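Please examine the structure shown below together with its sequence. The paragraphs that follow proceed from the molecule as a whole to particular elements and residues.

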Amino acid sequence: MLLVARTSGSPAAAGLTGGAPAGQVACGPLVGQLADRHGRRTVVLAFSLANAAAIAALVAGALDGLSVPSPALLGAVAGATVPLIGPLGRARLVAPVRSPRVHGRRGALLREHPRRDLLRPGPGPGGPGRRARAPRPPRSVLPLRAALALQGAMFGACQAGVTALTERLGQEQQAGLVYAAMGVMSAVAGLSMTAVPARIPLTAR
């Protein structure tokens with residue numbers, strides 16, 4: 001965000017580039033399906049390499065003075081190739097959490113299965129050599145995707161506003177500190193959710 005704003009001189013171009021990585025919203029389900037089919041290790045390594053290449057191309061393009069929409073397109077590729085390490089890691093905990101053997105034993109979740117792929121699909125109905133076709137995602141996922149896309153647009157607009165404001169105030173270097181403060185408060189908000197009493201349902205949270 002800061003790099004594109006500095007090299008292009010346009011907060012609008014920086015905002016478009018900052019919001020473009022929300023493309024992971026569209027490609028996230030594909031990453032999950034590939035992980036189910038080929039295993040998490042293979043998919044994470046492949047997408048990590050692709051993501052590194054996309055980010056390197058974005059940085060090189062920004063330094064080379066590429067005009068809009070090239071940085072935004074490279075940002076979209078960078079977003080589409082995010083390896084989703086966090087979501088895949090959280091999905092790995094679903095199986096042991098549901099298991100009666102480890103239910104209630106939080107410190108044992110990872111120790112019970114140190115190296116196994118807990119959610120690897122079993123053989124399909126056609127026999128051990130065939131896999132069942134993955135079910136279609138429920139319709140309730142569509143509003144979630146739209147909300148996440150709007151969230152990406154909101155972050156891009158917010159970052160563009162911060163960049164423009166600090167530039168107007170003659171304190172461009174302070175924009176990075178503002179972004180860092182936003183990230184810290186986001187982490188605080190996430191961690192504070194663990195302090196909410198368990199009697200409050202997830203919908204209310």
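About 13,900 Å² of the protein is exposed, and 64% of that area is supplied by carbon and sulfur atoms. The model is a predicted one. Of its 205 residues, 24% count as buried.

The fold comprises ten helices and zero strands, so that the pattern read along the sequence is α-α-α-α-α-α-α-α-α-α. Contacts between residues at least 6 apart in sequence can be divided by separation: 61% of them join residues at least 24 apart.

Confidence should be considered before the details. The mean pLDDT of the protein is 77, and 79% of the residues score at least 70. Which elements mark the two ends of the confidence range? Helix α4 has the highest mean pLDDT, 90, whereas helix α8, residues 109–112, has the lowest, 46. Over residues 108–122 the pLDDT stays under 50, and for this stretch the model has 27 contacts beyond four places in sequence.

Towards the N terminus, helix α2 spans residues 11–19. Its buried residues are Ala13, Ala14, Gly15, Thr17 and Gly19. What do these buried residues pack against? Their partners are α1 (2–8), α4 (40–63), α5 (70–80) and α9. Helix α4, one of these partners, is also the element with the highest mean pLDDT.

Helix α9, another partner of α2, covers residues 141–168 and packs with helix α10, residues 174–192. The angle between the two helices is about 145 degrees, and their axes lie 9 Å apart. The crossing of α9 and α10 is right-handed. On the α9 side, the contact involves Cys158, Gln159, Val162, Thr163 and Thr166; on the α10 side, Gln174, Ala175, Val178, Tyr179 and Met182 take part. By class, this contact has six nonpolar and four polar residues, with no charged residues.

One loop residue also deserves attention. Leucine 84 is located in the loop between α5 and α6 (85–92). The phi of leucine 84 is near 55 degrees, which is a positive value in a residue other than glycine. Is leucine 84 buried or exposed? Leucine 84 counts as buried because its relative accessibility is 15%, and the cut-off for burial is under 20%. Helix α5, which precedes this loop, is also among the elements against which the buried residues of α2 pack.

Terms used
Residues numbered from 1 in each chain as written. Predicted model: local features only at pLDDT ≥ 70, side-chain atom pairs only at ≥ 80, totals over all residues. Heavy atoms only, no water. Axes fitted to C-alpha atoms, helices over the stretch in contact; angles between N-to-C directions. Helix = DSSP H or I, 4+ residues; strand = E, 2+ residues; numbered from the N terminus. Left-handed = near helix turned anticlockwise from the far one by under 90°. Contact = heavy atoms within 4.5 Å. Nonpolar A, V, L, I, M, F, W, Y, C, P; charged D, E, K, R; others polar. Buried < 20%, exposed > 50% of the residue type's maximum accessible area, 1.4 Å probe, protein only. pLDDT = per-residue confidence, 0-100. Areas by Shrake-Rupley, 256 points an atom, 1.4 Å probe, with all protein chains shown as cover.
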